[in-house]
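Reader: I am new to this structure. Please walk me through how its helices pack.

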Amino acid sequence: MIARILVGAAMAYLFVGLALFPRWTVDDAYITYRYAENLARHGEFVFNVGEDPVEGYTGVLLPVVVAGAVAAGADADSASKVVGSACAIAMVLLLYFAARTAGVRAWIAGAAALVFAATPSVLTHALGGLETMLFAALVLASVWTLARAIDEPASDTRLAGSLVALLLTCLARPEGAALAAPSLAALA
């Protein structure tokens with residue numbers, strides 16, 4: 001019961017914080033937006049349409065996700081902030097479930113989720129427009145799904161979930177490969 005209250009408080013804090021936090025965008029996010037908009041509007045994953053491709057983004061996942069939102073009529077900045085906010089909220093639950101999978105007592109896992117949610121940099125990164133929260137959520141998802149796949153090695157569903165999480169982590173930021181390599185070795 002205490003764990004549910006703590007996780008609920010963490011979620012409530014994030015919802016209120018995300019609604020009230022000052023709106024701003026990290027300047028580098030506009031580079032990602034340009035790639036996303038050119039992909040959505042012109043079908044070219046480039047900074048300048050008609051020119052040779054130059055990689056100016058950190059990871060491919062966020063620009064592709066934002067491009068999908070832009071193609072559906074959304075604003076790139078708003079779409080990126082929705083992704084960051086959703087990932088911050090997901091991390092509260094991922095942190096709780098990962099801690100429980102590791103054998104941490106429920107109330108301690110709930111307290112950890114609340115401490116995470118109350119960390120000021122969470123709101124900054126969720127609303128800054130970059131892939132920081134997306135990458136962090138995918139790292140945590142990868143670790144959690146890896147632990148579950150190792151606990152039950154005969155489960156194809158858990159193995160597939162772990163592999164998908166690792167792939168997305170690699171697409172979110174190049175250093176995702178630093179997590180994927182030992183994770184794949186552990187799964188093997």
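Author: Short questions and answers follow. This is a predicted model, where local features need pLDDT of at least 70, side-chain atom pairs count only at pLDDT 80 or more, and totals for chains, interfaces and linings use all residues. Residues are numbered from 1 along each chain as its sequence is written, and side-chain values use heavy atoms, with hydrogens and water left out.

Reader: Which element gives the largest share of the largest nonpolar core?

Author: A nonpolar core is a set of buried Ala, Val, Leu, Ile, Met, Phe, Trp, Tyr and Cys residues joined through side-chain atoms within 4.5 Å. Here the largest one has 43 residues, and L14, V66, V92, M133 and L134 touch the most other members. Helices are DSSP runs (H or I, at least four residues), numbered from the N terminus. Twelve core residues, the largest share, come from α4.

Reader: Is S80 buried or exposed?

Author: S80 lies in helix α4. Contact means heavy atoms within 4.5 Å, and S80 touches Y33, L62, V66, G129 and L130, not counting residues up to four places away in sequence. Buried means under 20% relative accessible area, exposed over 50%, partly exposed in between (1.4 Å probe, protein chains only). S80 is at 1% relative accessibility, so it counts as buried.

Reader: At what angle do the axes of α4 and α6 cross?

Author: Axes are lines fitted to C-alpha atoms, for helices over the stretch in contact, and angles run from 0 to 180 degrees between N-to-C directions. The axes of α4 (residues 76–101) and α6 (residues 120–127) come within 7 Å and cross at roughly 145°.

Reader: Which residues of α6 make that contact?

Author: From α4 come K81, G84, S85 and A88. Facing them from α6 are V122, A126 and L127.

Reader: Within what arc do the buried residues of α6 fall?

Author: Those residues are V122, L123, A126 and L127. The arc is that of the directions from the helix axis to the C-beta atoms. The buried residues line one face of α6, because they fall within an arc of 110°.

Reader: Which helices do the buried residues of α8 pack against?

Author: The buried residues of α8 are S162, A165, L166, T169 and A172. They cover an arc of only 125° around the axis, so they sit on the same side of α8. The face turned away carries the exposed residues D156 and T157. The buried residues pack against α3, α7 and α9.

Key:
Helices (H or I, at least four residues) and strands (E, at least two) are DSSP runs, numbered from the N terminus.
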